[in-house]
Amino acid sequence: MGRLKHTYLLLVMTVALLTTGLSSCKSVKLSDADDTMARGEYFAASNMYRKIYNRLTKPEERPLRGEVALKLAQCYQRLNRPVNATASYQNALRYGQTDSTIYLRLGQMLQASGKYPQAIIEYQKYLELNPDDPIARAGIRGCNIAISQKDAPKSRYIVKQPKLFNSRRSDFAPMYFDKNYDILYYTTTNEKATGDNKSEITGMKKGDIWMAKKNEKGEWQRPEPVEGELNTDADEGIVSFSPDGQTMYLTVAKRSETSSTSVEIHTSRRSEASWSAPQKFEILNDTVTAVGHPAVSPDGQYLYFTSDMPGGYGGLDIWRINLKERGGSLENLGPQINTSGNESFPYVRTDSLLYFSSDGHSGYGGLDIFKATLNSTGERWSVDNMGQPINSTGDDFGVTFGPGESGFFSSNRGDARGYDHIYSFVLPDLKISIAGWVVDKDDEPVPNAVIRIVGNDGSNQKEVARDDGSFRFNLQRGVKYVMMAGAKGYLNQKVEFESDSAEEDAEYGIDFILASISKPSVVENIFYDFDKATLRPESKEALDQLAVMLEDNPNVSIEMSAHTDRKGSEEYNISLSERRAKSVVDYLVDKGISPARLTWEGYGKSRPKTVTKRINKEFPQFEEGTQLTPELIETLSEEDQEAADQINRRTEFQVTAIDTDYELTL
């Protein structure tokens, strides 16, 4: 039922607003069309107005033609045909209609057609005459949001239109029966709906409630009408269920020849698979006020619904009634939820999470689906547009959630007739992970390495690296993590990082290079001034990392050693290397490492380096296992001699003592 096809509720309560300020016409046929429109029968009225409009061709009939064009535009707007409505509103202006609300309605129809710049112009024209109107201002905000997001990535929701639930007419307002999520109810106006007469409001069959079930394989089966006495030749739809599944709340719209269509909430009782005939649920002792779109809270305490009853904020508001109290206390959800526009189709997911549709909050056009979150004190709602692709320029409404962030909703997007269709949605889990290897200083996998990762979200994961040293953890976005890797015979290494808060898949990479307890470990990127023991500034990063490692391994004492190349005398090289080792120890002490844990030694050129796997990768001309002695180096080319001397000039540390049992702790 478009805004109309969603149920008669949105029509019956707005018909008075749409006809306000329009003069009656002395033409009998025009008065018949006016009466038809006043009853909310927009489909029939639009056909009548169109015939009248096409016959008004004389110059003196221009004012009357403008009035008919305005009424025709209002019918098209109710039928949710924005292209037709836009043309008719423009014709009304062309033929002299001066009602300022035409600019507002024209802006809404242009916005619903995705013509945002043009819509803003019409909203601004209206605001010049009505500067404080909140609907026009919300419309401009929505248009600006849509323009700014035109080339921006959409949310991660995946939206599809399942053919199984959709007919050639309107199908809408899906609702899961219970938390098993294997039965789906919805409203349909397909040609198999009960009754023979077409609706004067929509031109379609009147709505019935159908359902679909999953088979034992979890596959949806072909939908069928619900069993029992529920469906009649009246309009039934928009359902919700009590927590025990024994009571259905539904909207029923009945047309009378002597009065306007009434919209009420009814209940139906379940007996096995059959539903009883609907009985009116008394909220107000009032035959004028319309109520519909029932939504039962998960605990069964409240029934949320939509109504135009007095005491609201304009248009349709969302209310609730306490089902556990005798007589039921009524409560309007207040101005954080309700606006001067229309709020409808509530869906209560938890006691602090409400979904609803609105054309009063800033959106993309028509009804948009909004998510409202109640703060921890229960005093304030935070309302957020669910964005594209959940929302569109058309009407988006009637959401229901299944497991996780998945479910169904309805929309008339892309349908020139304004018919509604059911869409599925799912928010895939973000694939955020961190992976890497645990290796030793010689680039060999560390056997039985243990990696632990702790997040500030309370997560705590532990894994043993695979035989090749690799590991992987799944993460959450926007969490601060501390990771530590360790193994028997190796020093622990700790890393801290924060995962990105962006809603996109991400894989982080990190490698742990563990230092052996039993053999020396080279500290890479330590540089000294030529022929001196003075540390160069570019050594700071490597030494800071060494200090952190010592802080992470507080029970370990080490010896710092420096080595020189083959050039120069033995005495000179011993002295130089001792001073260089001492300068490293002094730096570490300045960084807060206890001097009692540190010793130093200079070995000069007495300990030539043996080529490791890592060195072989960087210098493949040197075979793994080869000791770079002065005698060997003398046989090499000049270029390779320099490379070998570079390898021998190194700073290392060696664990000398461990004062307690050593293990990985985090």
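Axes here are lines fitted to C-alpha atoms, for helices over the stretch in contact, and angles run from 0 to 180 degrees between N-to-C directions. The model is predicted: local features need pLDDT of at least 70, side-chain atom pairs count only at pLDDT 80 or more, and totals for chains, interfaces and linings use all residues. Residues are numbered from 1 along each chain as its sequence is written, and side-chain values use heavy atoms, with hydrogens and water left out.

**Exercise 1.** Describe how helix 8 packs on helix 10.

*Solution.*
- Step 1: Helix 8 covers residues 101-112 and helix 10 residues 134-148 (helices are DSSP runs of H or I, at least four residues, and strands runs of E, at least two, numbered from the N terminus).
- Step 2: The two pack at an angle of about 25°, with axes 11 Å apart. That makes helix 8 roughly parallel to helix 10 (angles under 35 degrees).
- Step 3: Leu-104, Gln-108 and Gln-111 of helix 8 meet Ile-135, Ala-136, Gly-139, Gly-142 and Cys-143 of helix 10 (contact means heavy atoms within 4.5 Å).

**Exercise 2.** Work out the layout of the sheet that contains strands 31, 32, 33 and 34.

*Solution.*
- Step 1: The open sheet has four strands in the order 31-34-32-33, with mixed pairing (two strands pair if DSSP finds at least two bridges between them).
- Step 2: Strand 31 (521-522) and strand 33 (598-604) are the edge strands, each pairing on one side only.
- Step 3: Strand 32 (residues 556-563) and strand 34 (residues 650-658) run antiparallel, joined by eight bridges. Met-560 has Phe-653 in strand 34 as its bridge partner.
- Step 4: Helix 12 (residues 570-590) lies across strand 32, strand 33 and strand 34, at about 155° to strand 33.

Terms used: Angles under 35 degrees count as roughly parallel, over 145 as roughly antiparallel, 65 to 115 as roughly perpendicular and the rest as oblique.
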